[in-house]
Amino acid sequence: MKSSSKQLSEKQDLGTTASATLDVVVITLFPDVLTPYLNSSIVGRAVKSGQFRFHALQLRDFSLDKHRTVDSAPYGGGEGMVLRVDVLHRAWARACEIIAEKSTLKPRTVLLSPQGRLLTQESSQSLLEGMRPLILVCGHYEGVDERFIDLCVDEEWSVGDYVLTGGELPALVILDCLLRQVPGVLGNFDSFTSDSFQKDGLLKYPQYTRPETFEGHDVPDVLKSGNHGKVEKWRRLQSEERTARKRPDLARSPKRPSRDD
Ligand SMILES: C[S@@+](CC[C@H](N)C(=O)[O-])C[C@H]1O[C@@H](n2cnc3c(N)ncnc32)[C@H](O)[C@@H]1O
């Protein structure tokens, strides 16, 4: 099994260059939740530099009635309301048009769903394959009419085995996770390759900065030694130790090479 960082450097070799652009349309009832985050900090810089182009579509704009209704009660009875297939389909058709105006690549339509494939650092990389544009569909209420999934959705993705009220936070989580993997988005790409889960699936080693001493607690001597070989060795051991302690499930993962490898 290839390590995540190896897969990523291969992706770069295949042409995911510093000027790569990720085009995304998000279909949502709450575009105002998304835009402040996506325009801030590192993701916001990617927007400004053109590496990330996103467009939020308000689902209500695709309702045809004067109340701008987007949902209805489920057939067969039961709790809550379900997003209507006809409204979702119109929004999705518009999302496809928007993508086609910007890119020749076929978009991937992703429904955020607690029933979807679990997002991890490793699984997330498949969403960047070919830098295909993404149409992210945020559900709400009890979810979406199954016919929309059958007709339009390529993949369902989950951010964890718990249920949130809507797909907006999962959409932000996925976008943030993907964008920092696009070469050039992080100022220093090495900070991505040394992140937790990247190097052999290990957690990142402990880090220290100034002051050198705080309330009797010192920065470990080895980090001040100037000996890069010793620092590397110490960090590797620390990563292994804390992975075993904090995440024994990761430490036992068959993806992790044993120390003898
Ligand atoms: C209340 S949830 C619907 C859950 C659905 N009734 C079920 O039990 O599977 C409403 C919407 O939030 C989003 N959502 C909730 N939890 C999520 C998760 N863990 N990962 C991704 N999306 C989630 C989905 O878009 C979903 O359609």
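**Confidence.** Colour the chain by pLDDT. This is a predicted model, and its average pLDDT is 91, with 89% of the residues scoring at least 70. Two elements mark the extremes of mean pLDDT: helix H1 (residues 4-13) has the lowest, at 38, and strand E6 (residues 134-138) has the highest, at 99. Now select residues 1-18. Here pLDDT stays under 50, and the model has 20 contacts beyond four places in sequence for this stretch. Where pLDDT is low, predicted coordinates should not be read in detail.

**The whole chain.** Switch to a cartoon view. The secondary structure comes to 10 helices and 9 strands. The chain has 261 residues, and 28% of them are buried. Of the contacts with a separation of 6 or more, 80% are between residues 24 or more positions apart.

**The nonpolar core.** Which residues of the largest nonpolar core touch the most other members? Select Val26, Ile27, Ile135 and Leu136; the core they belong to has 47 residues. In soluble globular proteins, nonpolar side chains tend to be buried together. Keep Ile135 selected and show what it touches beyond four places in sequence: Val25, Ile27, Trp92, Ala95, Ile99, Pro107, Thr109 and Val110.

**Leu34 in helix H2.** Move to residues 31-38, which form helix H2, and pick out Leu34. Is Leu34 buried or exposed? It is buried, because 20 C-beta atoms lie inside 10 Å of its own, and 20 is the number at which a residue counts as buried. Leaving out residues up to four places away in sequence, Leu34 touches Val26, Thr28, Ala56, Glu168, Ala171 and Leu172. Draw a distance from Leu34 to Ala56: these residues are 22 apart along the chain, and their C-alpha atoms are separated by 7.9 Å.

**Helix H7.** Two of the residues touched by Leu34, Ala171 and Leu172, lead to the next stop. Select residues 168-179, which are helix H7. This helix has 12 residues and reaches 16 Å from its first C-alpha to its last, close to the 16 Å expected. Colour its buried residues: Glu168, Pro170, Ala171, Leu172, Ile174, Leu175, Leu178 and Leu179. An α-helix has 3.6 residues a turn, so residues three or four places apart point the same way.

**Around the ligand.** Pro170 of helix H7 is also one of the closest residues to the ligand, together with Leu112, Pro114, Gly139 and Gly167. Show the shell: 20 residues surround the ligand. Which element gives the largest share of that shell? Strand E5 (residues 108-118) does, with 4 residues. Colour the shell by class, and the result is 9 nonpolar, 10 polar and 1 charged residues.

**Arg94 in helix H4.** Select residues 85-102, helix H4, and find Arg94 in it. With 17 C-beta neighbours inside 10 Å, Arg94 is partly exposed. Beyond its neighbours within four places in sequence, Arg94 is in contact with Leu57 and Phe62. Draw a line from Arg94 to Ile27: the two are 67 residues apart along the chain, and their C-alpha atoms are separated by 9.8 Å. Ile27 was one of the core residues selected earlier.

**Arg147 in helix H6.** Go on to residues 146-152, helix H6, where Arg147 is found. Arg147 counts as partly exposed, because it has 13 C-beta neighbours inside 10 Å. Its C-alpha atom is 9.6 Å from that of His89, although the two are 58 residues apart in sequence.

**Backbone exceptions.** Most residues other than glycine have a negative phi, and most peptide bonds are trans. The last selections depart from this pattern.

- Select Ser41, in helix H3 (residues 41-48). Ser41 is not a glycine, yet its phi is positive, about 55°. With 10 C-beta neighbours inside 10 Å, Ser41 counts as exposed.
- Select Asp200, in the loop between H8 and E8. Asp200 also has a positive phi of about 55° and is not a glycine. Asp200 is partly exposed, because it has 18 C-beta neighbours inside 10 Å.
- Which residues does a cis peptide bond join? They are Arg210 and Pro211, with omega about 5°. Pro211 lies in the loop between helix H8 (190-193) and strand E8 (213-214).

Note on methods
Residues are numbered from 1 along each chain as its sequence is written. The expected span of a helix is 1.5 Å times one less than its number of residues. A residue is buried if 20 or more other C-beta atoms lie within 10 Å of its own, exposed if 12 or fewer, and partly exposed in between; C-beta atoms are placed from the backbone. A residue is near a molecule or strand if its C-beta atom, placed from the backbone, lies within 6 Å of it. Ala, Val, Leu, Ile, Met, Phe, Trp, Tyr, Cys and Pro count as nonpolar, Asp, Glu, Lys and Arg as charged, and the others, Gly among them, as polar. pLDDT is the predictor's confidence in each residue, from 0 to 100. Two residues are in contact if their C-beta atoms, placed from the backbone, lie within 7 Å. A nonpolar core is a set of buried Ala, Val, Leu, Ile, Met, Phe, Trp, Tyr and Cys residues joined through C-beta atoms within 7 Å.
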